Amino acid sequence: MPGRKSVCRSRKVHICSAENAWQSGRKYMTDDKELQLLKKRILELAERSYNSGIYTFTSFLGLSQQQVFYEIRQQVSHAGVDMEGGSPLCERKMIRFGSPELLGYEVPYPIACLKVEPLTPKFAQQLTHRDFLGAVMNLGIERDTVGDIFVRDQEAVLFCQDSIAAYLTENLTQVSRTQVRCSITETADELCAPVPEELLVTVSSTRIDTVVSKLYNIARSRSQELFRAGKIYVNGRLTENSSYVLKNGDGVTVRGFGRFTYAGSQGETRKGKIRVCVDVYR
């Protein structure tokens, strides 16, 4: 573990330094080379926090990017580390280095929650996640400054870096062909809690590949390809083990298909098949 430098700074300087840390290096990582750059960036932020006595933050990271952090978590644990997306429901998250125990003070995550709603609900379209994300991207916003977007009926709750919140409230005025208003809200959990669809499916086993194949109506061979391609996550962690037996409460994300929570077995059929309950998020 590296030696820690003695620093004496005001809390104001600490907070400004934390903002500068997550504002730099804001490129959306996609391929292996860029993931290596992300790994280097995470290590740099951890050392900056530990040696300078400040909080540092990444931008929003998707599930595949978060795996880079999990691979090197032990190397950065001395700096104090946790993750947050704005709500327990969020998949896209920031990593924060530093802790009250190590630094002696607290700095919140630089995350804002916005509510987007139609000006005239009666004439509004039925909008999708793609509609809301596209409207934000069309304003010139970088993807890694935006977290999860939860859509319910004609409204959406959007998490973003707090530095762009004011810009979005002023400029996000239209989604598809619907005129909208955008405002900062504090009631994120109530607004963005998606309502799952409870389904009973009959499977030969509770292996994850079997359940995924049945739930999304794809061939078993296709579900195996998804594992090999790194498209399946259990409780936020990449899994390549297609024979993993699901446990009650496991959250599964299948990139390109959706996500569900495994709610357990409901007994067997006369032919020995297993009825399982899953809560599917559309």
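**Sheet and helix packing in a predicted model**

Reader: Which residue in E3 is the bridge partner of phenylalanine 57?

Author: This is a predicted model, in which local features need pLDDT of at least 70, side-chain atom pairs count only at pLDDT 80 or more, and totals for chains, interfaces and linings use all residues. Residues are numbered from 1 along each chain as its sequence is written, and side-chain values use heavy atoms, without hydrogens and water. Strands (E, at least two residues) and helices (H or I, at least four) are DSSP runs numbered from the N terminus. E1 and E3 (residues 94–97) run antiparallel and are joined by two bridges, and the partner of phenylalanine 57 in E3 is arginine 96.

Reader: Which strands stand at the edges of the sheet?

Author: The open sheet has three strands with antiparallel pairing, in the order E1-E3-E2; two strands pair if DSSP finds at least two bridges between them. Each edge strand has a single partner strand, so one side of each is left without a neighbour in the sheet; these are E1 (56–57) and E2 (81–84).

Reader: How do the directions of H9 and H10 relate: parallel, antiparallel, perpendicular or oblique?

Author: The axes of H9 (residues 208–215) and H10 (residues 220–228) come within 9 Å and cross at roughly 120 degrees. Axes are lines fitted to C-alpha atoms, for helices over the stretch in contact, with angles from 0 to 180 degrees between N-to-C directions. Angles under 35 degrees count as roughly parallel, over 145 as roughly antiparallel, 65 to 115 as roughly perpendicular and the rest as oblique. The crossing angle therefore makes H9, relative to H10, oblique.
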